[in-house]
Amino acid sequence: MVWETLVNLVCRPPRYTYDPDEVLGPKRFRIDGRLFQRTDVEVVNKRKQRLKCSHYTPVLEGNHAGQATRFPCVVYCHGNCGSRVDASDCLDLLLPQSISVFAFDFSGSGLSDGETISLGFYEQDDLMAVIEYLRNSGLVSRIGLWGRSMGAATSVLVAARDPSIAGMVLDSAFSSLTQVMYELANQYMKQVKVPKILINGAISVLRKSVQKKGNFDIRDVNPEEASDKCFIPALFAHADGDDFVLAHHSKHLYERYSGDKNIITFGGDHNSPRPAFFFDSVGIFFYNVLIENAEIEAVEPPMHMTPMGVQTPTYTAPEKQYGAATAAPELNAVRFSPPKQEMHNTWGDSHSLAAAFSPLVEGGAQGGGGEDGVIEALCTSLHEMEAELGPSDPNVLELRKMLREYQSQTPKGTLTT
């Protein structure tokens, strides 16, 4: 049970499911009087899994009604327990700048096909499939990425493969999944002074278990190695108080990143609401990489000044002139996105992490606490791995070696390994 819980932290955290009709709101809506629409589509990844997606686009009215136009697009990439619902925060920031928003559920998340997630390993193929769909659709011009946590790490991995991305916002990206696992283990085991060698053993078991359940190696999810192959503009962001993906991850990525870059920090934790200046920075960043100096696509509509001081197209028309088909409520009256505190992101929920590690910290199956609980769990896992994989499997040999080294350094007696 201990290891199943830990493995689920990586590849099967709580899954957010929802009713699109209730949560995503109406298909047509207005922001500050301008008309926009949501088109739901499915994209199939290379594993033949269906990804549930929504594309939010401006609707041209007045003299430009019905005119074909390609808009720049930001693809929103959610975190490990998230879904396309999380992109609701982007709509009133980007749509008024005539930047379309494409949101989707990664495989294993939300309503998409798949039973597990991989924190970037398979998600990068999902994102590549989405980008290919958008380019083939003829509906978009430049493409940017906006990722949070798992979605940010995935964006880095994709940017190393696709240099044509115009720019990306990376909120709370991790530089190495293995490093995150070590830091989480240290965080919850240090209170009982568990030796480092046992933590190494725990991570070794975790790695093997994830390989079995999720069919990927946590060591292969390493955005830091990809960052020096990225040359597109990037805005890094991280909360100072994030104790799940520590702030140094973004700093390491920023230092190694080869393209134009900037980094901002702010108060809060992994899941706390982002401050207004963060959204201002994101809006300006995407204007610079997606709109400024871009070729005009099909139309050159009248302009007005947004509160940010950025010129964007505006289309105004009375509802009655275009009939019921254009009737749409204002977005701020119909946003049904659940509050962030109800999303229960595993990495952002200290209670979930504490519950996962408490069997190791507080006691094993025989009631032994702390270090004894860790030893008991590791020995049990060793026997299970040996029965399944055989005594000569490299993972079995590695864990047995760690336990014997620990035995030689402690006077607590003999381990059954």
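Let's start inside the protein, at C73, which counts as buried because its relative accessibility is 0%; buried here means under 20% relative accessible area, exposed means over 50%, and partly exposed lies in between (1.4 Å probe, protein chains only). C11 is also buried, with a relative accessibility of 0%. A bench biochemist may well wonder about cysteine pairing: how many disulfides does a search of the whole structure find? The search finds zero, where a disulfide is taken as a pair of cysteine sulfur atoms within 2.5 Å. As a reminder, a disulfide is a covalent bond between the sulfur atoms of two cysteines.

A word on what you are looking at. This is a predicted model, in which local features need pLDDT of at least 70, side-chain atom pairs count only at pLDDT 80 or more, and totals for chains, interfaces and linings use all residues. Residues are numbered from 1 along each chain as its sequence is written, and side-chain values use heavy atoms, with hydrogens and water left out.

Now step back to the whole chain. The protein chain has 14 helices and eleven strands; these are DSSP runs numbered from the N terminus, with helices being H or I of at least four residues and strands being E of at least two. Of its 417 residues, 56% are buried. Contacts (heavy atoms within 4.5 Å) often span long stretches of sequence: among those between residues at least 6 apart, 74% join residues at least 24 apart.

Back at C73, we can follow the strands. The bridge partner of C73 in β6 is I143. β4 (71–77) and β6 run parallel and are joined by six bridges; two strands pair if DSSP finds at least two bridges between them. β6 (140–148) is mostly covered, with seven of its nine residues buried. On its other pairing, β6 runs parallel to β7 through five bridges, and R148 has D171 as its bridge partner in β7.

Between these strands comes a helix. Together, β6, α5 and β7 make a right-handed β-α-β unit, meaning that, with the strands pointing away from the viewer, the path from the first strand over the helix to the second runs clockwise. How many of the ten residues of α5 are buried? In this helix, residues 150–159, the count is ten of ten. Among the buried residues are M150, T154, L157 and A159. Their cover includes β4, α4 (123–137), β6, β7 (167–171) and α8 (223–227).

Keep following the strands from D171, which stands opposite A237 in β8. β7 and β8 run parallel, joined by four bridges. Strand β8, residues 234–239, has six of its six residues buried, and both of its faces are covered: A234, F236 and H238 lie on one side, while L235, A237 and A239 lie on the other. A239 in turn stands opposite F266 in β9. Six bridges join β8 to β9 (residues 261–266), and these two strands also run parallel. With helix α9 (residues 248–256), β8 and β9 make a right-handed β-α-β unit.

What fills the space around these elements? The largest nonpolar core has 57 residues, of which V75, F102, F104, M168, M181 and F216 touch the most other members; such a core is a set of buried Ala, Val, Leu, Ile, Met, Phe, Trp, Tyr and Cys residues joined through side-chain atoms within 4.5 Å. Its largest share, seven residues, comes from α5. Leaving aside neighbours within four places in sequence, the contacts of V75 include F102, F104, L127, I143 and W146. A second, separate core of 34 residues includes Y18, V23, Y76 and V101.

Finally, visit the loop between β5 (100–104) and α4, where S109 is found. D113 has its place in this loop too. Is S109 buried or exposed? S109 is buried, because its relative accessible area is 1%. Not counting residues up to four places away in sequence, S109 touches R15, H78, N80, G82 and I117. D113, by contrast, is partly exposed because its relative accessible area is 22%. With the same kind of neighbours left out, D113 touches R15, Q49, R50, S107 and G108. The side chain of D113 reaches the backbone nitrogen of R50 at 2.9 Å. D113 and N45 are 68 residues apart in sequence, yet 9.9 Å apart in space, C-alpha to C-alpha.

Key:
A polar contact is a pair of N or O atoms within 3.5 Å; within protein, one must be able to donate a hydrogen and the other to accept it, and residues adjacent in sequence count only if both atoms are side-chain atoms.
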